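I opened this entry to keep a careful record of what I looked up, beginning with where the two chains meet and then turning to the chains one by one.

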Amino acid sequence: MRLPPQPGERLNRERELEFAFHGAKARGFEGDSIASALFGEGQRTFSRSFKYHRPRGLLCCQGTCPNCMVTVDGTPNIRACVTPLAEGMRVEAQNVRGSLDFDLLAVTDKIGGPFTPVGFYYRTMIRPRRLWPLYEKFLRSIAGLGRVDKHRGREQRYDVEHRRAEVLVIGGGSAGREAARRYAGEGRQVSLVEADPARLDAGEGFEVVHGTALGVFEGGLVPVDAGSLLLRFRAGHVVVAAGAVEQPLLFPGNDLVGVLLPEAVRRLVGRWSLKPGDRAVVITADEDALDSVNLLEQAGTEVAEVIDLRETRVRQIVAKGRNGRLASVELDGRKLSCDVLVMSGGRQPSYALLAHASAKVEYDHRRGIFLPVDLPDGLEVVGAAAGDVGDAAVPAATFNGAAKKGKCFVCICEDVTDKDVKRAIAEGFDSIELAKRYTTVTMGPCQGKLCHVPSIRLYARENETDEATIGTTTARPPWQPVELGLLAGRPHEPAQRTSIHHRHKELGATMMWTGTWRRPHSYGDPAGEAKNVHDTLGVIDVSTLGKLLVTGPDAAEFLERLYPNRFGDMKPGRIRYGVLNSDAGRIMDDGTIARLAEDDFYVTTTSTGAGAVVEWFEWWNAIWRLEVEIVDVTGALAAVNVAGPKARELMRRLGDLDVSSDAFTYLDAKHAQVAGVPALILRIGFVGELGYEIHFPSPYGEHVWDTILERGADLGARPFGLEPQRILRLEKMHILVGQDTDSESNVLEASMPWIAKLDKEDFVGKWSLEHVLQRGFREQLVGFEMENGVVPLEGGQIVVDGRPGGRVTSARWSDHLGRAIGMAWVPPGLAEEEAELTIKVDGSVEKARVRLRPFFDPDGEHLRS
Amino acid sequence: MSFLLPCPNCGPRPVDEFTSTGEVTVRPAASPTLRELTDYLYFKRNTAGIQREWWCHRHGCQAWFTAERDTRTNEVLSVEVPAER
């Protein structure tokens with residue numbers, strides 16, 4: 001029921017909003033929160049509790065407690081009390097089986113005692129073991145909050161904005177505003193962050209930001225939740241004016257619908273002109289809560305009694321309800337009927353943000369509160385958060401539990417009672433940090449705002465010690481609930497596409513990821529595409545190769561130091577295969593190095609390795625300071641590899657270059673025009689047939705590609721994808737770094753000993769490789785062919801004497817060879833031609849023979865032709 | 001870690017723009033013993049205090065530089081670009 005307009009109400013009564021609650025039409029005003037509109041429509045029960053499915057109603061009305069969490073338009077766990085009402089919202093209650101007023105699982109509250117104490121699922125339901133999956137499924141279905149709709153797409157876009165502030169004030173109460181004014185008066189650039197839309201009045205000389213500070217991190221980093229925008233504030237100075245949180249009292253029935261914290265009264269009456277109930281009792285341990293008495297009277301609620309615990313000693317408070325709604329309260333046996341009970345156990349300063357930034361927390365015995373101390377540089381605390389909360393009653397008075405009947409909740413988020421905490425103590429959980437994890441007190445949505453201090457007090461009492469001895473648990477961000485989407489940010493899945501990408505799509509290629517690159521897996525017929533390379537002419541886009549220019553007087557020296565091979569003796573116009581090693585002798589990357597001129601080298605890397613290789617080169621040169629320039633031209637140049645017996649004929653048709661076998665030999669690099677485009681041609685053969693790798697400016701990608709397919713059409717030119725390339729390279733036993741090697745592999749054991757010129761004075765990885773020689777090989781990379789044609793799984797196990805003794809790294813069926821072939825790491829004793837391998841395939845074992853030389857064209861006649 | 005690291009080229013930037021290869025080590029002279037080699041490769045000093053380390057402004061100017069950082073507080077005392085030859 002709505003009261004007549006109240007002074008200072010935040011409603012626009014001119015504008016009515018219609019929304020739906022469980023499908024039924026409901027109305028509120030502009031300025032209402034979802035909760036206040038529902039309350040105005042007579043709704044008192046807002047949710048069912050986590051474990052016992054007890055009815056729960058508004059408690060804090062300020063976004064702290066879990067009681068009013070609802071699902072709005074399919075988004076779960078929306079705090080109804082702080083979410084503005086909007087036209088057309090579809091609101092639903094959570095964790096309800098049946099209906100809000102009659103929950104089928106509320107039976108756990110009646111009989112639950114022996115079955116649902118803290119940690120019950122570790123004990124009661126652990127046997128018989130095989131039934132646990134069943135228990136787990138049931139428990140998961142009944143516990144918890146809202147449900148995420150897994151089939152819903154992304155509707156919300158989240159973004160990050162980086163902001164700077166000389167001074168950032170967190171909290172727009174009077175102390176926060178005062179601090180902001182003061183710093184602004186000194187000419188500092190000040191931003192003030194405030195979550196409550198009712199406190200966003202324009203600042204006097206400072207910016208007011210609507211949002212919630214989630215934490216205070218190193219370097220003055222303060223992430224602020226501003227709805228779908230995360231503001232990453234960097235502040236020179238942070239002023240925390242986060243206020244204090246009114247603490248609940250502990251007594252049986254303290255979770256009944258109708259039990260309110262004072263702020264709920266302030267907001268219900270003051271903001272939304274709602275009458276909290278008919279008859280109220282106010283029990284407070286501090287001065288601050290007494291203002292609710294006036295407000296209740298203003299709203300027409302009869303105040304039956306006001307108990308100030310500082311003056312009146314009450315040994316026992318018991319709240320009793322009917323169907324979960326408060327009906328009466330008994331004070332030392334004296335029964336007062338009421339439907340509203342305002343409780344306040346004093347205000348606890350909100351120190352969590354300061355604790356994030358490594359401030360210490362100490363207990364103030366006199367006032368019974370925890371206070372932040374030892375603030376690090378650049379951090380300041382003002383107002384209630386600094387302890388300006390007045391004197392509360394002796395803390396012991398805030399605990400009046402221990403009644404025989406009725407549950408006294410220490411933690412309403414997780415439904416933990418005083419009995420649970422006592423039981424944990426009895427079981428030996430003597431540290432508050434361990435007890436927290438066992439009982440889950442402070443681990444629910446409120447993150448301890450309402451339960452941390454009461455649980456410490458209870459601990460102190462049960463252990464016959466004081467709060468200072470018990471201490472606090474670690475405060476961790478986020479300080480307020482935050483949507484995961486906001487932390488995740490905008491979904492980024494960067495894709496790199498070559499300049500020929502659209503041609504592949506037009507040709508019907510199936511695309512796949514290789515690192516961040518999109519590449520054709522095949523054009524629909526991997527085996528046929530591979531065969532075409534052997535028979536006539538295949539064309540593959542290799543623009544994804546990393547491409548670096550290494551130039552300068554020291555370029556040769558630089559590469560000599562980085563690679564185990566030799567480069568100083570290379571003639572301009574020649575190419576060498578190179579493998580990069582770490583100083584621990586581990587294979588990092590591989591590629592070709594072409595010497596274009598005395599001081600100019602063109603280095604290619606693997607498709608995914610370009611960035612790492614550039615960084616690696618630059619790092620070593622930061623140490624060596626050689627006269628060499630490293631330029632990454634990966635994106636600037638496209639590359640197409642043409643391979644097959646007809647490749648030479650194709651090259652003749654593409655330009656004037658003399659490509660006869662004498663003039664352009666294997667491992668030559670030449671500059672020439674290809675299809676009218678300036679290009680660098682490398683005669684190399686990753687796929688085993690006569691081949692030319694044409695590198696040219698990427699804007700000409702489609703032109704060169706089209707010209708090749710056009711002029712090669714009658715030669716049988718066909719594009720081939722990555723999958724046929726993998727078959728072809730395996731036939732040649734060419735390794736794929738990262739596929740056949742891992743972070744432990746070295747060139748010696750990977751059976752490429754000719755790479756490592758150990759007679760060189762030094763190179764990165766040399767000493768480790770020398771050590772490998774000294775200690776002897778532990779495993780070796782070899783080729784194998786299966787005896788019966790079965791293709792083992794990559795990663796499959798090699799069995800040696802009945803035990804795992806090696807692993808398959810690559811395996812494919814080769815149509816050309818008519819055999820199943822692969823590569824594997826095996827014990828050195830088996831690294832001999834014809835040695836027999838036993839490989840696990842689908843649970844059974846299959847035989848294979850070791851091959852040390854390439855399966856196809858072992859003498860390189862095709863390559864060199 | 002969310003401290004600001006002063007890049008010699010770009011000024012103070014959030015540390016997540018950078019990559020680090022850890023403390024500056026001394027590569028042993030030719031033909032080290034196995035102990036010298038493994039000390040260099042694997043046994044870092046792991047100082048609780050001021051440490052010189054390599055940093056690269058990966059998502060910025062991509063320069064490598066050394067920084068003196070207090071590993072206890074993440075305070076960066078100085079940065080230095082290796083001198084040109």
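**Where the chains meet**

I looked first at the contacts and found 19 residues of chain B in contact with 16 residues of chain A, counting two residues as in contact if their C-beta atoms, placed from the backbone, lie within 7 Å. On the side of chain B that touches chain A, helix H1 (34–42) and strand S4 (50–56) each supply at least two residues, and H1(B) gives the most, with 3 residues. Helices (H or I, at least four residues) and strands (E, at least two) are DSSP runs, numbered from the N terminus. I then sorted this side of chain B by class and noted 12 nonpolar, 5 polar and 2 charged residues, where Ala, Val, Leu, Ile, Met, Phe, Trp, Tyr, Cys and Pro count as nonpolar, Asp, Glu, Lys and Arg as charged, and the others, Gly among them, as polar.

**Confidence and numbering**

I note that this is a predicted model, in which local features need pLDDT of at least 70, side-chain atom pairs count only at pLDDT 80 or more, and totals for chains, interfaces and linings use all residues. Residues are numbered from 1 along each chain as its sequence is written, and chains are lettered from A in the order in which they are written. The model scores ipTM 0.96 and pTM 0.84.

**Chain A**

I recorded 22 helices and 46 strands in chain A, and its C-alpha trace spans about 110 × 70 × 55 Å along the principal axes.
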